[in-house]
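Please open the structure in your viewer and keep the selection tool at hand. The tour below proceeds one stop at a time, stating what to select and what is found there.

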Amino acid sequence: MVRRVLVVFLGAVSLIFAFVLFALFILSTDLPSVEKLKDWRPPEATLIYDYKGRVFGDVAVQRRYYVPLKDIPLYVRQAFIAAEDRNFYSHFGIDPIAVLRALIANIREREITQGASTITQQLARNLFLTPERSFKRKVKEMLLAIKIERAFSKDKILEMYLNYIYLGQGAYGVEAASRIYFGKHVKDLTLDEAALLAGLPKAPTKYNPFRNPEKVKERRNYVLQRMYEDGYITQDELKRYSSVPIRVKLENRYYGMDYFLDYVKDYLVEKYGEAILAGGYKVYTTIDRDLQMHAREAVKRGVMRVAKANGIPFLPDDPYEVQKKYEEQQVELKPWRIYIGKVLDVGSQELKVAVKDYQFTVPRNQLPVEKGDYVLVRFVKRGKDISAEVLPDLEGALVALDAKTGAIRAMVGGYSYLRSPYNRAVYAKRQPGSAIKPIIYLAALMKGYTQASTIDATPKSFFDPSKGKEWTPKNYEGAEYGVVTLRTAIAKSINTATVNLLSEIGFDMPMQVGKSLGIDLKPYYSMALGSIEVTPLELTSAYQAFADLGIRCEPYFIQRIVAPDGKVIEENNPKCEQVLPPQEVRVLVDMLRAVVLEGTAASASSFGRIVAGKTGTTNDYMDAWFVGFSPYIVAGVWVGYDIKKSMGKGMAGARVALPIWLDFMSVAAFMYPNEDFPVPDGVVVVNCPTPMYFVDGTQGICSGEQKQDETNELKGIVDPNILKKLEEEPKVKEIP
């Protein structure tokens, strides 16, 4: 009887063993080849540099910087081995002791509390397999681990693992994680920092150092204890480093999240394809890292100031904080209550929004939101029902260009990238208001007017094709004026004077000047007050030509791109051209100096640097602008909502946008000499009664002289080549 049982048992074991061998054979024939790992290099981030050659950030499919094992300190390697695979250097890819230990622990706890995957198994799973939990996948993982161990040395396997493993916050590999969490290279890590990183592979989100420092400290100290038990560190080192607080670079929580980086990424993908994001290229840009960081803070401070001054509700820019507030809020379905909502779905015309247990379908109103975004929602009463509306965030944008080259030095597309990655600096078309007026006044100068010429500022009615009816411009706060000089008209931003001036000089010259500056003006009177639409980048680029006395440079942001083999695959230089006469532009600059010294931007008169610029405000205070410049740098600022909505009475460019500009330029302008704008040949300074600039030959107006020579046209004043480009009308306006 015993013999029969033994025979049956051995037969069963033999059948099971044969089945296992057969299963292993079948699975092994379906395994990928590990031979290709011999020349393997994982995807690496493409580094982005600023114009001074400093690393600004990166764009990547996987944020990774490959480092050879020799450049990874021994204690970093030991930390990972202690935490993940203490028998790494003695097993053959699978650790039977660890498997047995995990099995006993899991049986004792009656749940899976321990795993037994070796470093080699983890590498095999990450490189070749899916993360599915199944017996088949586990067997494949073990077989691949054995094959990898047979093909590579232990050191090479560890090097691949330490460069491939995901460590949270978008960081792949120990070098990327070191930079993001600690702002340093892996070779510079301290022992406690190495232990912190080694504790992350188990659960990168759970042990995120930016969000859960207490849990991270427990996990780090566990790794240090393991290192002590395995003989890697002494008891004194264990005690000393276990007491060190968690020290991470909190400012790197959102590393790589930047409007300019997105702009560069879009360009690279469009031109070279997504492969460039994983190829370890080096992209040298025109951005100034310091100015970009300062610009972000200047926009944020300025927009928050305006929001608080007007009682505009505001969401925090930290998404974790917003999510926490959303989950903790107590909601009452009562009219005019404001809560945080979550966007469930985005349609072309509507949004589906949840406010805890309540759901609403609301008009989208062209808001640049995406599924999963948090928004402010206000309950409103419509009839007997309670409905909802989404309150837009107050936003801002800033662009800064090198005045001599057109190189982009700073680009901020919103109050907070984390709240909205939509880049308003590049893509938001907005009405510029009075910030468009310098084009009208420059056209008048080119037709023979001077800044001392006068214009009647009495309101007049005009038929405006854009409105299809008679239209009468009005001045800010209903102010009334009589006859004023052009200098006063632009300094005080007098709407009636500007439109009357346009009626005298006609549409052709302003439209040609606008075209030369990259601005498409339309032949109707309201264009003089900025009824067209432009992006902040377009308008700031136009002012760059003013700053450089008629030389317009195409905005550019890529200096060169270098492939991993050192080959330069793209290189760009400034593209500049004299498109406007320097003499008339220099007079315009003097008039824009008057805006700062005695006009709508007078709050900048004591700025401490020689600057010029123009404010802009649109109807009902929907858009606020200031674009200004020194001889070296030009910056434009816009503030408003993403939809057409008033910011509140009095929220004009001088009050809303100018303070942001001053904040930014308090750093940017002081990086350059405090020099006046150059004076080209053919320009003179005359006391009229204060010093004013004139194109030589037109200054007689100050002494009451009249220019009678109507055949003079613009010969001798405007360069003939520029004149031809602008298709000048045949007659010059006679000076009254």
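## The whole chain

The protein contains 22 helices and 23 strands. The model is a predicted one. Display all 736 residues: buried residues make up 53% of them. Consider next the contacts between residues at least 6 apart in sequence: 69% of these join residues at least 24 apart.

## Stop 1: an open sheet

Select strands β2, β1, β3, β16 and β17, which form an open sheet in that order, with mixed pairing. The edge strands are β2 (55–59) and β17 (568–571), each of which pairs on one side only. From one strand to the next, the twist averages 15°.

Strands of a sheet pair through backbone hydrogen bonds, either parallel or antiparallel. In which sense do β3 and β16 pair? Select residues 282–285 for β3 and 558–562 for β16: the two strands pair in the antiparallel sense, over four bridges. To view one bridge, select Val283, whose partner in β16 is Ile561.

Now add helix α11 (residues 259–272), which packs on the sheet. This helix touches β1 (46–49), β2, β3, β16 and β17, and its direction makes about 50° with that of β2.

## Stop 2: aromatic rings

The structure holds 27 aromatic pairs. Begin with Tyr181 and Phe210, whose ring centres are 5.3 Å apart. Their planes stand at 50°, so the pair is tilted. Tyr181 belongs to helix α7 (residues 174–182), whereas Phe210 lies in the loop between α8 (191–198) and α9 (213–229). The pair therefore ties together parts that are 29 residues apart in sequence. Are these two residues buried or exposed? Tyr181 has 0% relative accessibility and counts as buried; Phe210, at 10%, also counts as buried.

Proceed to Tyr632 and Tyr672, an aromatic pair that is stacked, with 5.4 Å from centre to centre and 0° between the planes. This pair links distant parts of the chain, 40 residues apart. Tyr632 is in the loop between β20 (623–629) and β21 (633–641), and Tyr672 is in the loop between α21 (653–668) and β22 (683–687). Tyr672 is buried, its relative accessible area being 17%.

Next, select Phe56, Phe260, Tyr263, Tyr267 and Phe557 together: these residues form one aromatic cluster.

## Stop 3: charges over rings

Select Arg64 and Tyr164. Arg64 lies over the face of Tyr164, at 4.8 Å from the ring centre. Then select Arg211 and Tyr320: the charged end of Arg211 sits over the ring of Tyr320, 3.8 Å from its centre.

## Stop 4: the disulfide

A disulfide is a covalent bond between the sulfur atoms of two cysteines. How many disulfides does the structure hold? It holds one. Select Cys553 and Cys576, which form this link, with their sulfur atoms 2.1 Å apart. The angle about the S-S bond is 110°, and the link is right-handed. Distant parts of the chain are joined here: Cys553 lies in strand β15 (residues 551–553) and Cys576 in strand β18 (residues 576–578), 23 residues apart.

Finally, compare the surroundings of the two cysteines. Cys553 is buried, with a relative accessible area of 1%, whereas Cys576 is partly exposed, at 37%.

Notes
Residues are numbered from 1 along each chain as its sequence is written. This is a predicted model: local features need pLDDT of at least 70, side-chain atom pairs count only at pLDDT 80 or more; totals for chains, interfaces and linings use all residues. Side-chain values use heavy atoms; hydrogens and water are left out. A disulfide is a pair of cysteine sulfur atoms within 2.5 Å. Buried means under 20% relative accessible area, exposed over 50%, partly exposed in between (1.4 Å probe, protein chains only). Rings of Phe, Tyr and Trp (its six-membered ring) pair if their centres lie within 6.5 Å; planes under 30 degrees apart count as stacked, over 60 as edge-to-face and the rest as tilted. A charge sits over a ring if NZ of Lys or CZ of Arg is within 6 Å of the ring centre and within 35 degrees of the ring normal. Two strands pair if DSSP finds at least two bridges between them. Axes are lines fitted to C-alpha atoms, for helices over the stretch in contact, and angles run from 0 to 180 degrees between N-to-C directions. Contact means heavy atoms within 4.5 Å.
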